[in-house]
Amino acid sequence: MSETVASAGPLSRLPLHDLHVAHGAKLVPFAGYSMPVQYAAGVLKEHQHTRSAAGLFDVSHMGQAMLRPRSGRFEDAAQALERLVPADILSLPHGRQRYAVFTTETGGIIDDLMVANFGDHLFLVVNAAGKAEDIAHLRAHLSDVCDVDVLEERVLVALQGPLAADALAKMSPTTVAMRFMDAGCHVLAGVPCLVSRSGYTGEDGYELSIPAYRAVGIVERLLSSSDVMPIGLGARDSLRLEAGLCLYDHDIDATTTPVEAALEWSIPKSRRPGGARSGRFPGADVILAQLRDGAPRRRVGLSPEGRAPVRSGASVFRDDLTAEAIGQVTSGGFGPSVNRPVAMGYLPAELALPGTRVFAEVRGQRLPMNVAMLPFVPHNYKR
């Protein structure tokens, strides 16, 4: 899960703002916040360091909330949330986390989110730009069963990379045994924190929800390791693109269905036709029909043939002559790990096969691209 780039108006500061400044961050407006886009090392080195060692990302602009069933029964919270998402929350084991999407009545995606089972309640992480709307959406539809408690005084950081587990183990040995998508409370340097083994880079790693008043000490201790480098938004974007992961408001939005977005893996058998709780979520008729018959278009990987990156918004054509666009690039840039341009976008289903050649228009020129398998860089999660 990732967040949209937005933002006009006054900017909010992250709780770790001064720490970022002290570490030489270049700050930019992002989703209403002043965010570090890079540090002194630069985007390329930050990207490569995350792939080879460990990178620390501040994602405190994202929304954190507890969904608490008034009955005290996890099942009631899970069934309530299933009214809004096509994921299977009811079977989510205690101490595990799952990806989900909020859907509209027409099958589009309002936002994507992470959901963890913490026993008597659910812990949710939602995207920054839409977090106020997401919380309002939850309260509007679930307040008959649940309380939605927003966690305002918490920092959220992601520690990502092959050496992330070693770096975190120095403060919390219990985190080593966690597997991908495990979630629970762990003590970091004497501070109880909410920890999941997850992230948005394709690498092994963790997301740490830390009480804000203790966050500076914990983050500084992590950064004191030579294996850990602070990482900004620039490298976060190139890492998630190489990993084939969606950015909300670019690769997914209210006009794209989970099937079009190639996210049907997030809709399990229990919510599909014939399942124990088939449908019963917004847009079910549209989404289940696409699961059965196929979607008219698909999100695909795109590999430009040259060295020039093809950016978000570029129109895609069947050939280098026809005037009518058949699709659009939704994310694109240079992939440092593969040393070539990479992109994602939407194409008609009949052209969404690996190896299909299409053309993107960049500054008035048609540049050839080939449909590619995602991800561009294999995921390295600890299963």
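Asp204 is buried in this predicted model, its relative accessible area being 11%. Its salt-bridge partner is Arg197, with 2.6 Å between N and O. Arg197 also counts as buried, because its relative accessibility of 2% falls under the 20% cut-off.

A second pair is formed by Arg240 and Asp251, whose side chains meet in a salt bridge at 3.0 Å, N to O. Arg240 belongs to helix H7, while Asp251 sits in the loop between H7 and H8, 11 residues apart. Arg240 is buried at a relative accessible area of 3%, and Asp251 is buried at 0%.

A third salt bridge joins Arg271 to Glu82, with the closest N and O atoms 3.8 Å apart. Glu82 lies in the loop between helix H3 (74–81) and strand S6 (97–103) and Arg271 in the loop between helix H7 (233–242) and helix H8 (284–293), so this pair ties together parts 189 residues apart in sequence. Both residues are buried. They also take part in a network of salt bridges that links Glu82, Asp88, Arg271 and Arg277. The whole structure contains 19 salt bridges.

These pairs sit in a protein chain with 8 helices and 20 strands. Of its 383 residues, 58% count as buried. Among contacts between residues at least 6 apart in sequence, 66% join residues at least 24 apart.

The radius of gyration is 21 Å, which agrees with the value near 21 Å for a compact globule of 383 residues. The C-alpha trace spans about 65 × 50 × 40 Å along its principal axes. About 15400 Å² is exposed, with carbon and sulfur atoms supplying 53% of it. The chain has 38 positive and 41 negative charges, and their mean positions are 4 Å apart.

Note on methods
Residues are numbered from 1 along each chain as its sequence is written. This is a predicted model: local features need pLDDT of at least 70, side-chain atom pairs count only at pLDDT 80 or more; totals for chains, interfaces and linings use all residues. Side-chain values use heavy atoms; hydrogens and water are left out. Helices (H or I, at least four residues) and strands (E, at least two) are DSSP runs, numbered from the N terminus. The radius of gyration is taken over C-alpha atoms; the globule rule is 2.2 Å times the number of residues to the power 0.38. Buried means under 20% relative accessible area, exposed over 50%, partly exposed in between (1.4 Å probe, protein chains only). Contact means heavy atoms within 4.5 Å. Accessible areas come from the Shrake-Rupley method with a 1.4 Å probe; for residues, only the protein chains shown count as cover. Lys and Arg count as positive and Asp and Glu as negative; His and the chain ends are not counted. The place of a charge is taken as NZ of Lys, CZ of Arg, CG of Asp or CD of Glu. A salt bridge is a side-chain nitrogen of Lys or Arg within 4 Å of a carboxyl oxygen of Asp or Glu.
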